[in-house]
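Please follow the chain through its sheet and then through the helices that pack on that sheet. The sequence and the structure come next.

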Amino acid sequence: MCKLAPFLNFKNVVDLGCGPGLYAERLALKNYNITALDFSENSIDYAKREAKANNLVVDYRHQNYLTWQETERYDLALLIYCDYVALNVEDRKRLLKNILSSLKS
């Protein structure tokens, strides 16, 4: 990730559908500022416990990324696994619009 998205250019990252925080933790270890969302409360609770145990700072949120909205806050957005293809066309459009508006210009 450091070569693909260098920290100096991509410091603020949002991880959508973060699950138990596998990628969020790895990025936090590299000093990226991470916001991580998932609709699974169990996954977020687990991720928070792991981050605390490993002394990592990650802004974990129990939230649906289809209703999440932020404006020009992030340098990079991650959506890993098959979340996108599982969505219907309208939800895909909504998600992409949310991601686009969350990225800095």
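What covers the buried residues of α2? The model is a predicted one, and the sheet is a convenient place to begin.

The sheet is open and has four strands in the order β3-β2-β1-β4, paired in parallel. Strands β3 (59-62) and β4 (76-79) are at the edges with a single partner strand each, so one side of each has no neighbour in the sheet. From one strand to the next, the twist averages 15 degrees.

Strand β2 covers residues 33-38 and pairs with β3 in the parallel sense over four bridges. Two of the residue pairs can be located directly: Leu37 has Arg61 of β3 as its bridge partner, and Ala36 has Tyr60 of β3. Between β1 and β2, the parallel pairing runs over five bridges. Here Val13 is matched with Ile34 in β2. The connection from β1 to β2 passes through α1, and this β-α-β crossover is right-handed. A right-handed β-α-β unit is also made by β2, α2 and β3.

Strand β2 is largely enclosed by the rest of the structure, because five of its six residues are buried. Thr35 lies in this strand. With a relative accessible area of 3%, Thr35 counts as buried because the cut-off for that term is under 20%. Leaving aside residues up to four places away in sequence, Thr35 touches Val13, Val14, Asp15, Asp59, Arg61, Arg73 and Tyr74.

The helices can now be placed on this sheet. Helix α2 (residues 41-53) lies across β2 and β3 and runs at about 160 degrees to β3. The helix α2 has 13 residues and spans 18 Å from its first C-alpha to its last, close to the 18 Å expected at 1.5 Å a residue. Ser43, Ile44, Ala47 and Ala51 are the buried residues of α2. Viewed down the axis of α2, these buried residues fall within an arc of 95 degrees, so they line one face of the helix. This returns to the opening question: the cover over the buried residues of α2 includes α1, β2 and β3. The face of α2 turned away from the buried side carries the exposed residues Asn42, Arg49, Lys52 and Ala53. Just after α2, Asn55 adopts a positive phi of about 60 degrees.

Helix α4 (residues 89-102) can be read in a similar manner. Its 14 residues reach 20 Å from the first C-alpha to the last, close to the 20 Å expected at 1.5 Å a residue. The buried positions in α4 are Asp91, Leu95, Asn98, Ile99 and Ser102. Down the axis of α4 the buried residues fall within an arc of 95 degrees, so one face of the helix is lined by them. What do the buried residues of α4 pack against? Their partners are β1, β4 and α3 (83-86). On the face of α4 turned away from the buried side are the exposed residues Val89, Lys93, Lys97 and Leu100.

Terms used. Residues numbered from 1 in each chain as written. Predicted model: local features only at pLDDT ≥ 70, side-chain atom pairs only at ≥ 80, totals over all residues. Heavy atoms only, no water. Pairing = 2+ DSSP bridges. Axes fitted to C-alpha atoms, helices over the stretch in contact; angles between N-to-C directions. Contact = heavy atoms within 4.5 Å. Expected span 1.5 Å × (residues − 1). Buried < 20%, exposed > 50% of the residue type's maximum accessible area, 1.4 Å probe, protein only. Arc of directions from axis to C-beta. Right-handed = clockwise from strand over helix to strand, strands pointing away.
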